[in-house]
Structure formats: structure tokens, C-alpha cells
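Hi,

Here is the structure I promised to pass on. Have a look at it first, and then read my notes underneath.

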Amino acid sequence: MAGSASFAAALFIGLSLLFAVTAEDPYRFFEWNITYGDIYPLGVRQQGILINGAFPGPDIHSVTNDNLIINVYNSLDEPFLLSWNGIQQRRNSFVDGVYGTTCPIPPGKNYTYILQMKDQIGSFYYFPSLGFHKAAGGFGGIRILSRPRIPVPFPDPAGDTTVLIGDWYKANHTDLRAQLDNGKKLPLPDGILINGRSSGATLNVEQGKTYRFRISNVGLQDSLNFRIQDHKMKVVEVEGTHTLQTTFSSLDVHVGQSYSVLVTADQTPRDYYVVVSSRFTSNVLTTTGIFRYSNSAGGVSGPIPGGPTIQIDWSLNQARAIRTNLSASGPRPNPQGSYHYGMINTTRTIRLASSAGQVDGKQRYAVNSVSFKPADTPLKIADYFKIDGVYRSGSIQYQPTGGGIYLDTSVMQVDYRTFVEIIFENSEDIVQSWHLDGYSFWVVGMDGGQWSPDSRNEYNLRDAVARCTVQVYPSSWTAILIALDNVGMWNLRSEFWARQYLGQQLYLRVYTPSTSLRDEYPIPKNALLCGRASGRSTRPL
């Protein structure tokens, strides 16, 4: 491994020169070994996916514009990929780590990701994107701190902790995957985890001090509510956006979403419950951890504090209250004075309607009637080598068709440097969650009923929060605005992982005829090649 690491370091220094990365942007090197191992998160033995022997995996700590060199060894018995939820991979969708962009790492082989945290701050996470591996672990937190001279709109906290929450099954991921492959739905989850544990996870604090907790819902389907007994939480950042500092006693975190909250240890010193419970489910799942004062005079006491369960209006009102702090800086000094989303005319409206149904007697999920079918070659790599017949650009319509579900490799083409409106339409009785790789978008509206052009009168065109994952409530719609300034092939997917696995995703091909490095990087020299691209050569250094 040492020899591989030395080679990788030399390779990436060369690549950084090609990519015109400035000398002031530091490098951080990681060596990760992906293995199976026994885990017991719900008290029964399971086959988990470990990173360097750990479940969950290690946190990634970085600063705006850092270059991450992550050498991943796949010691599993099947192909493996990691994706980076919320990291925008500016001009470089080749390393996004989903099958539409990146060839899987074969068993017994390694691949080194070159990621730059370009012009980003905030709280995100990574996860395995293939083969329903997410149900076995392999995930961890990502934090991107502001550069030293960029002001942050709150004092430095006494501590900064990642809190990964999510629903969990007792069954191994291979059994869950087999159920989906056989055309069946999954049963309800069996429990909820906090940092990989169903009980006993502990957040340690000192009295009188304020702490930052970065909460990510890395689960498979359930929206979750997070709360700390007798303590308030102040939301300060959402997926890279500093927010108005609104205080809540509990917080809804939908699947795939990430929040930063500040909590002050201002109560009598003892242990308090940390509670995570499922939302909008017939059977409410609950798990607890401990919020422990260093001078604690006793253990937790009293009933577990209750939270909201099925109240949609409560959740909707909370979502609307989370807005951008327009006076705060982001990765750079605040640019809002010269560029503001509410003053830009849209060039296209895209309406995306989800649906569920049967195809050839098997359960499938779709967007605008198309249930995604993986191609035999990653779409981005097929684009680069101009391999015909892998997919059809325009294989999914910009509007719902109202027809039955059918299988296709759904790719929607949009033009570089346009400004579009996307409407997510949910006619089902569940809360949905949608994520777009490569971008942050403005969540300008959400409401019940059917969207219409008159719904734009309700849009927040001043301080809507910018994020990469958004919820859509039952029989409701959610509207986002997005500036298509990142060329590439970008996965737009349901964060309900069984739905994603069974077709509820598509790729947004942000296209320009330009071949300038200012618009998009060429394929990485070390890119793995597979499918119809096997045996070809990447560009020389």
C-alpha cells in the first residue's frame, strides 16, 4: 500500500498542475480499506461495511478549496463506489462516485479519488452508492470549514461533532437487495441509529459552553425528528448555507439532508436524553442517546421527551422558517449584492412527477413515467469517448406524461449557464426527498395540492435557503431554482434508497459544446474504465 500511496501522491501533484489548482490550496491524503465485518447496531449480528475497521466511517475534516486525495481499497467481494453527498465536484463529474459517472472499483483493486472542496463550506456526508451497500454502512461525515479570514456568523463553538442518524434494518444488505431484485417492496425499518448505535450514543459537553452538532440523515427512507431533552437548538447552517439563526426545540431532518445546530449546555448538570424518532410513519420508531455534562450529577430521568409524529403543517412551517442569512459570508465574501436568484428570469420549467407501479410483475418507481435502467457503461465516460448507443439524451420528458411506467436510461439534457425552475410533484401519501449532485439550489416554494403557474406568487424570491436535498410533502409540490453553472452528468435521485435502486432517478446532462478547461476538466488520468470503454486510454499527462 505504501508504494501505491507514493505513486498516487506523485500522480495527483501532476494532475493538480493540469487542473490549475493554486499552490495555496493544501492537500489532505487518506488511505481507506473497505471491508466486511460483524456489527451489532440493533443487537443482532450483521455483515457491515467498514472503513479502516470502523462503522460508521471516519469523518473528513477540510477547509474551503482543500484538495482531498482519498485512496480507496475495495476488499469486498463485489464492485464498490463511494459518492459524496453535497460535494459539487466543480467541472469534474467524472469523480462523483455514482454509476452514471464513475466505473466501480473491482474487488481487490483500488481507486484514488481527487476531490476539491471548491468554493464550498458546510456539513455533508459520503456513502456507498452501489448494490444497496448503503444499508450496510460505509458512510461518514464531511465538514468543510471556512478559510481563516472569512467571517463566520457565530462565535467558535467549544466543540464540533458529527451526528449521523438514520433508520436501519436487522437484515443484511444482501437480503434486502435480493428482495428488491425479486420485485418486492421492503418491509418497514427495524430501528434507528445514532452514530451507528441504537442506544448509548453520547454527546459530551461542559456546562455553560456552546457546541456545534452537524446532523445528517444517512438512512434509507424515514424522515426523522431530532431533539435534546430540555435544550434548544439554533439552526445555523444547512448543506453549505449559513441560515437565519432560528431556534427550535426539535428538528425534522429528511432523508439525505444535513443541518448544523448550536446547543448551549445551560441546564442543571446531569444527563439528558438525545431522542431521534421517525416522522410520518404508522409505527413510530424511537431511539435515544445521552447528552452528558462533564460535571453530571446523575443519569437521565423522566419520560423520554415526545416529538411530532404525523403533523405535516408543523414540518412545513419549520421548513419555511429556515432561510438564508443574507448578511453572512459563504466560501467567499457575500456576493448577494451583485448576484441574486430572485432577479433572474428562468429559461425553462421542468416538472418532475414521481410514481410507483409494476413492470413485468415487479415493483418499480419512476420519474415522469421513466424508471431508470442502468446502462452498460457509465454515461459520462460514454460521453467522453463518444460511444454511441449507451443512452439517448432526451429519454425523459421535461413534463409528466401521465402514461404507464416503462424502463429506460433516463437522461435529460439542459444547457450550460441557463437558469431553470424545477417542480417536484408528489401525488402519493408519503413524504419524499430529492437530491441533485453537483449543485446547490434555492428552495423557493412548497405547498399542498397541484402546482400551477399561479403558485409562483407564493415563491420566496429574497432569502430562500440554498441546499442540495429537499423534501416534498404528501399530495404536495416543491419548487426550486437552479443556475446551471457546472458542466457534467449529474444524478438527480430519490433519497428513498429502495426507490432509487428501483428506478426513481435520472441524470441531468448539463451540456456545452465548448472543450475549454474553464468549463470542464478532461477525464482524470487514473479513471477506471469499464463496459464499452474497457481497453481505451485516458489522456496523457
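Below is what turned up when I went through it. Keep in mind that this is a predicted model.

Let me start with the annotation. UniProt, in an unreviewed entry, lists "domain: Plastocyanin-like" for residues 34-147, 160-296 and 376-513. I have some numbers for two of those stretches. Residues 34-147 come out at 42% strand and 0% helix, and their end C-alpha atoms sit 31 Å apart. For residues 160-296 the figures are 55% strand and 7% helix, with 20 Å between the end C-alpha atoms.

Next, the sheets. One of them is an open sheet of 6 strands with mixed pairing, and its order is 10-9-12-17-14-15. The edges are taken by strand 10 (191-194) and strand 15 (241-248); each has a single partner strand, so one side of each has no neighbour in the sheet. Ignoring direction, neighbouring strands here are turned against each other by 25° on average. If you want a pairing to look at on screen, try strand 9 with strand 10: they are antiparallel and share 4 bridges. Gly166 is a handy landmark there, as its bridge partner in strand 10 is Leu193.

The other sheet is open too, with 5 strands in the order 11-19-18-13-16 and again a mixed pairing. Strand 11 (199-205) and strand 16 (250-253) are the edge strands, each pairing on one side only. From one strand to the next the twist averages 25°. Inside this sheet, strand 13 (residues 223-228) and strand 18 (residues 271-279) run antiparallel and are joined by 6 bridges. One residue to pick out is Ser223, whose bridge partner in strand 18 is Arg279. A helix belongs in this picture as well: helix 3 (residues 312-321) lies across strand 13, strand 16 and strand 18, and it runs at about 90° to strand 16.

Now for empty space. How many cavities of 30 Å³ or more does a search of the whole structure find? The count is 6. The largest cavity holds about 80 Å³ of space. Its lining is made up of 14 residues, and those nearest the centre are Phe139, Gly166, Asp167, Trp168 and Val218. So what kind of residues line the largest cavity? They divide into 8 nonpolar, 4 polar and 2 charged. Strand 9 (residues 159-168) gives the most to this lining, with 5 residues. That brings Gly166 back in: the residue that bridges to Leu193 in strand 10 is also among those nearest the cavity centre.

Last, two backbone details to check while you have the model open:

- The peptide bond from Phe55 to Pro56 is cis, with omega near -10°. You will find Pro56 in the loop between strand 2 (46-51) and strand 3 (60-63).
- Asp119 is not a glycine, yet it has a positive phi of about 50°. Asp119 is in the loop between strand 6 (110-116) and strand 7 (122-128).

Shout if anything looks odd at your end.

Cheers

Methods:
Residues are numbered from 1 along each chain as its sequence is written. This is a predicted model: local features need pLDDT of at least 70, side-chain atom pairs count only at pLDDT 80 or more; totals for chains, interfaces and linings use all residues. Side-chain values use heavy atoms; hydrogens and water are left out. UniProt positions are given in the numbering used here, feature names are shortened, and annotations may be inferred rather than shown by experiment. Helices (H or I, at least four residues) and strands (E, at least two) are DSSP runs, numbered from the N terminus. Two strands pair if DSSP finds at least two bridges between them. Axes are lines fitted to C-alpha atoms, for helices over the stretch in contact, and angles run from 0 to 180 degrees between N-to-C directions. Contact means heavy atoms within 4.5 Å. On a 1 Å grid over the protein atoms alone, a cavity is a set of points where a 1.4 Å probe fits but cannot get out, and a pocket is an open set with protein on both sides within 12 Å along at least five of seven lines; lining residues have an atom within 4 Å of a point. Grid points are joined across faces, edges and corners, and a volume is the space filled by probe spheres set on the points. Ala, Val, Leu, Ile, Met, Phe, Trp, Tyr, Cys and Pro count as nonpolar, Asp, Glu, Lys and Arg as charged, and the others, Gly among them, as polar.
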